[in-house]
Amino acid sequence: MECNDQRVSVSLKRKSPENGDHVLFNTFSLDDLNEDLFERILSWLQTSTFFRLNSVCKRWKSVAASASFKLACSHIPSREPWFLMVAPNLNQSVIFDSAESTWKRLNHPSLLQEESNQDCMPVAASGGLICYRKSSGNFIVTNPVTGSCRELPPLQLASQNQPLDAIVMSTSSKDQISFKIVLVFGELPNLLFKVYNSGSNCWEGETALRRKTEDNSMEYDSTDDNVVYFLSKAGIVVASNMQRSPSKQFSSVITNKNDQEIVYFLSYSGNVVACNLTCKCFSEYPRLLPVYNEYSIDVVECNGEMLVVLLSEFLETTTLRVWKYDEANRGWHQIAAMPAANSHEWYGKKADINCVGAGNQIFICLNSTELCTYVMCDLETNKWVELPNCCINGQVIDFMSAFSFEPRIEASV
């Protein structure tokens with residue numbers, strides 16, 4: 001189909017000097033636009049439409065591969081988030097498009113299809129990029145929309161046999177070209193972090209984090225940070241580790257406030273740990289619930305703030321709530337809660353939640369042996385919507401977790 005068929009008719013009502021009641025109807029074609037303006041108009045299309053540019057006409061096909069078009073796309077402030085879904089043994093990329101409220105399948109990046117990389121697991125995301133971790137401990141970064149990807153230089157740690165606590169990724173706010181990955185590892189209170197910068201294409205040296213001097217959070221710690229002890233309803237003392245989905249065992253977020261980068265992650269006992277990379281110190285936040293309560297917890301980032309999502313059982317019902325930490329008063333306050341009528345059906349299901357934030361939205365995956373469902377929470381309206389199941393070839397797919405990213409064709413690895 002040629003571009004001449006893609007015409008836009010616009011009624012331009014102008015009074016003729018000869019006849020004031022005479023209306024002239026003019027038409028113009030997209031062919032009449034210069035290349036720069038043409039690309040700027042197309043850059044405002046939703047990303048899902050980019051896949052159809054190649055089939056419209058020759059000119060649109062050339063735009064899709066144009067470097068100047070990608071530059072125009074980079075000037076769009078933000079795009080509605082997509083959520084990359086994670087499932088065991090899933091050798092394809094499935095996303096939930098929040099703009100169209102539909103499930104989509106993307107071509108799996110070729111590098112991830114190689115036999116040596118088929119066990120890669122997504123562990124972090126930022127901007128238009130997703131970071132995967134190989135079983136060897138090395139990383140691959142990819143743009144899920146374009147399929148472009150590359151493997152990062154091998155990771156070498158001076159401190160061997162240190163447990164990995166958190167993996168976060170951030171992209172430059174000015175562009176989609178530069179990014180960095182931050183790893184936090186060690187056992188409390190001996191934490192370190194290591195940074196990869198795409199600009200230099202190398203890992204920086206390890207940096208130790210000291211405990212914040214005014215931090216008195218030790219009073220909130222359990223005796224053993226690796227184990228939570230609580231009383232069951234039968235009055236029996238039960239020991240339980242914080243169990244997480246394999247894709248979210250490094251559940252963590254990064255914020256940048258007042259030019260200070262802070263990484264938040266969950267300790268094994270469910271405490272929120274805040275690592276200030278700028279000041280090279282860390283602190284622990286007080287618990288939301290006593291250790292004997294049964295709950296599932298996750299951290300998310302929304303609009304530059306760290307929030308906690310908590311699923312708990314209390315008084316024969318289940319509650320799903322969102323909390324924010326007040327630094328000035330050193331306490332938590334609730335900012336959103338799912339109506340009890342919606343969450344009550346999960347009572348007794350022992351569900352684990354894995355969450356991710358995007359702007360004002362929180363995407364929540366609930367999983368147990370009896371349950372697999374997905375909920376979208378809008379923090380502005382306190383609206384909670386249960387999403388439809390994803391069916392592939394007539395079969396319902398159960399996902400463990402999700403990662404939020406902006407679908408940007410210009411995001412470079």
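A cavity is a set of grid points where a 1.4 Å probe fits but cannot get out. The model used in these exercises is predicted.

**Exercise 1.** Find the largest cavity and describe its lining.

*Solution.*
Step 1. Count the candidates. The structure holds one cavity of 30 Å³ or more.
Step 2. Take the volume. The largest cavity has about 70 Å³ of space.
Step 3. List the lining. Gly270, Asn271 and Val272 take part, as do Tyr285, Pro286, Arg287, Leu288 and Leu289. Tyr295, Ile297 and Trp332 complete the set.
Step 4. Sort by type. Eight lining residues are nonpolar, two are polar and one is charged.

**Exercise 2.** Work out the strand order of the open sheet of four strands, and its edges.

*Solution.*
Step 1. Read the order: β21-β22-β23-β24, with antiparallel pairing.
Step 2. Pick the edges. β21 (295-302) and β24 (331-337) each pair on one side only, so they are the edge strands.
Step 3. Add the twist. From one strand to the next, the average is 35°.
Step 4. Zoom in on one pair. β23 (residues 317-326) meets β24 over six bridges. Lys324 stands opposite His333 in β24.

**Exercise 3.** Trace the partners of strand β8 and decide whether its faces are covered or not.

*Solution.*
Step 1. Start with β7 (residues 129-133). Four bridges join this strand to β8, antiparallel. Tyr132 stands opposite Ile140.
Step 2. Go on to β9 (residues 149-151). Three bridges join β9 to β8, again antiparallel. Here Glu151 is the bridge partner of Ile140.
Step 3. Check the turns. Gly137 has a positive phi near 100° in the β7 and β8 hairpin. Gly147 has a positive phi of about 85° in the turn between β8 and β9.
Step 4. Check the faces. Phe139 and Val141 are buried on one side, Ile140 and Thr142 on the other. Both faces of β8 are covered.

How values were computed. Residues are numbered from 1 along each chain as its sequence is written. This is a predicted model: local features need pLDDT of at least 70, side-chain atom pairs count only at pLDDT 80 or more; totals for chains, interfaces and linings use all residues. Side-chain values use heavy atoms; hydrogens and water are left out. Two strands pair if DSSP finds at least two bridges between them. Helices (H or I, at least four residues) and strands (E, at least two) are DSSP runs, numbered from the N terminus. Axes are lines fitted to C-alpha atoms, for helices over the stretch in contact, and angles run from 0 to 180 degrees between N-to-C directions. On a 1 Å grid over the protein atoms alone, a cavity is a set of points where a 1.4 Å probe fits but cannot get out, and a pocket is an open set with protein on both sides within 12 Å along at least five of seven lines; lining residues have an atom within 4 Å of a point. Grid points are joined across faces, edges and corners, and a volume is the space filled by probe spheres set on the points. Ala, Val, Leu, Ile, Met, Phe, Trp, Tyr, Cys and Pro count as nonpolar, Asp, Glu, Lys and Arg as charged, and the others, Gly among them, as polar. Buried means under 20% relative accessible area, exposed over 50%, partly exposed in between (1.4 Å probe, protein chains only).
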